[in-house]
Amino acid sequence: MKPDPNENPTPEHSTIERFFAGLSECIFLSKLGVADVQLVDYLSELLLRFVRVESLHRVRRPNGKPVTEVFQMVVEADRRVGIARREVHRHIGDFTLFWSGMYPESLRRIQPETSPDGFVDYCRQGKRAYAIAAEIEGGEDRPSCDLLYRLSEQFELCAYGLREVRREIEEGDQGGNLLIT
């Protein structure tokens with residue numbers, strides 16, 4: 001069993017965690033006036049989770065292969081029940097929010113001829129996924145239904161804030177020295 005990266009974080013992990021938390025707080029609280037600490041914390045944790053590429057593709061098909069398209073994630077979510085269904089819809093929300101916020105230019109390059117995601121409106125699908133996840137109780141150790149509902153309602157604002165996080169990272173890295181070693 002792999003060690004949980006959230007237990008006893010390495011110094012590098014806690015440095016990245018502090019970096020994303022500070023930057024998210026700066027953008028959302030100071031620049032955008034979003035005083036929802038739970039929401040801002042969730043977004044900085046989302047950035048930290050998606051530093052690891054395998055987190056982007058954590059939804060699996062029955063044969064174990066990762067699902068890489070939103071269209072297929074929705075199919076997988078519909079095959080599940082209870083908390084498993086909630087978690088896949090939450091992941092769809094996180095996935096679409098991450099790409100809509102951090103790399104919106106890549107979404108414009110998805111062609112319907114090469115991917116069913118060329119027909120997917122990431123914003124609408126993300127809002128829908130968070131709303132569905134919010135309707136399913138998740139337990140104490142999972143994000144609250146209320147928080148998932150707020151992510152659905154404020155999806156566009158969250159995506160805009162993530163674009164601002166990316167802009168701040170890029171502007172702060174004019175010398176190309178931002179890589180954390």
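Colleague: Let's start with Glu-76 in this predicted model. Which helix holds Glu-76?
Modeller: We can look this one up by residue number. The stretch in question covers residues 70–78, and Glu-76 is found there, in helix 4.

Colleague: Is Glu-76 buried or exposed?
Modeller: The relative accessible area of Glu-76 is 2%. The limit for buried is under 20%. Glu-76 is therefore buried.

Colleague: Which residues does Glu-76 touch, leaving aside its neighbours within four places in sequence?
Modeller: Happy to list them. With those neighbours within four places set aside, Glu-76 is in contact with Val-59, Arg-60, Arg-61, Pro-62 and Val-67.

Colleague: Now for pairs of helices. How are helix 5 and helix 7 oriented to each other?
Modeller: Helix 5 spans residues 82–102 and helix 7 spans residues 122–134; their axes come within 8 Å and cross at roughly 150°. Angles over 145 degrees count as roughly antiparallel. Helix 5 and helix 7 are therefore roughly antiparallel.

Colleague: How many nonpolar, polar and charged residues make up the contact of helix 5 with helix 7?
Modeller: Helix 5 brings residues including Arg-85, His-89, Phe-95 and Trp-99, while helix 7 brings, among them, Tyr-122, Gln-125, Arg-128 and Ile-132. Sorted by class, the residues of this contact come to 10 nonpolar, 6 polar and 5 charged.

Colleague: And helix 2 with helix 5: how are they oriented to each other?
Modeller: Their axes are 11 Å apart and meet at an angle of about 85°. Angles of 65 to 115 degrees count as roughly perpendicular. Helix 2 and helix 5 are therefore roughly perpendicular.

Colleague: What classes of residue does the contact of helix 2 with helix 5 have?
Modeller: From helix 2 come Tyr-42, Leu-43, Leu-46, Leu-47 and Arg-49, and from helix 5 come Arg-90, Asp-94, Leu-97, Phe-98 and Met-102. By class, that gives 7 nonpolar, no polar and 3 charged residues.

Colleague: I'd like to hear about the rings too. What kind of aromatic pair do Phe-50 and Phe-98 form?
Modeller: The search of the whole structure finds 8 aromatic pairs. In the pair of Phe-50 and Phe-98, the ring centres are 5.1 Å apart and the planes stand at 85°. Planes over 60 degrees apart count as edge-to-face. The pair is therefore edge-to-face.

Colleague: How many residues apart are Phe-50 and Phe-98?
Modeller: Phe-50 sits in the loop between helix 2 and helix 3, and Phe-98 sits in helix 5. The pair links distant parts of the chain, with a separation of 48 residues.

Colleague: Phe-98 also pairs with Trp-99. Is Trp-99 buried, partly exposed or exposed?
Modeller: That pair is edge-to-face, 5.6 Å centre to centre. Phe-98 is buried, at 7% relative accessible area. For Trp-99 the value is 23%, and the class between 20% and 50% is partly exposed. Trp-99 is therefore partly exposed.

Colleague: Which residues do ring pairs link into a cluster?
Modeller: We have already met some of the members, including Phe-50 and Phe-98. The whole cluster consists of Phe-50, Phe-95, Phe-98, Trp-99, Tyr-103 and Tyr-122.

Colleague: One last distance, please. How far apart in space are Tyr-160 and Ser-100?
Modeller: Tyr-160 lies in helix 9. Along the sequence, Tyr-160 and Ser-100 are 60 residues apart, while in space their C-alpha to C-alpha distance is 8.4 Å.

Notes. Residues numbered from 1 in each chain as written. Predicted model: local features only at pLDDT ≥ 70, side-chain atom pairs only at ≥ 80, totals over all residues. Heavy atoms only, no water. Axes fitted to C-alpha atoms, helices over the stretch in contact; angles between N-to-C directions. Helix = DSSP H or I, 4+ residues; strand = E, 2+ residues; numbered from the N terminus. Parallel < 35°, antiparallel > 145°, perpendicular 65-115°, else oblique. Contact = heavy atoms within 4.5 Å. Nonpolar A, V, L, I, M, F, W, Y, C, P; charged D, E, K, R; others polar. Buried < 20%, exposed > 50% of the residue type's maximum accessible area, 1.4 Å probe, protein only. Phe/Tyr/Trp six-rings, centres within 6.5 Å; stacked < 30°, edge-to-face > 60°.
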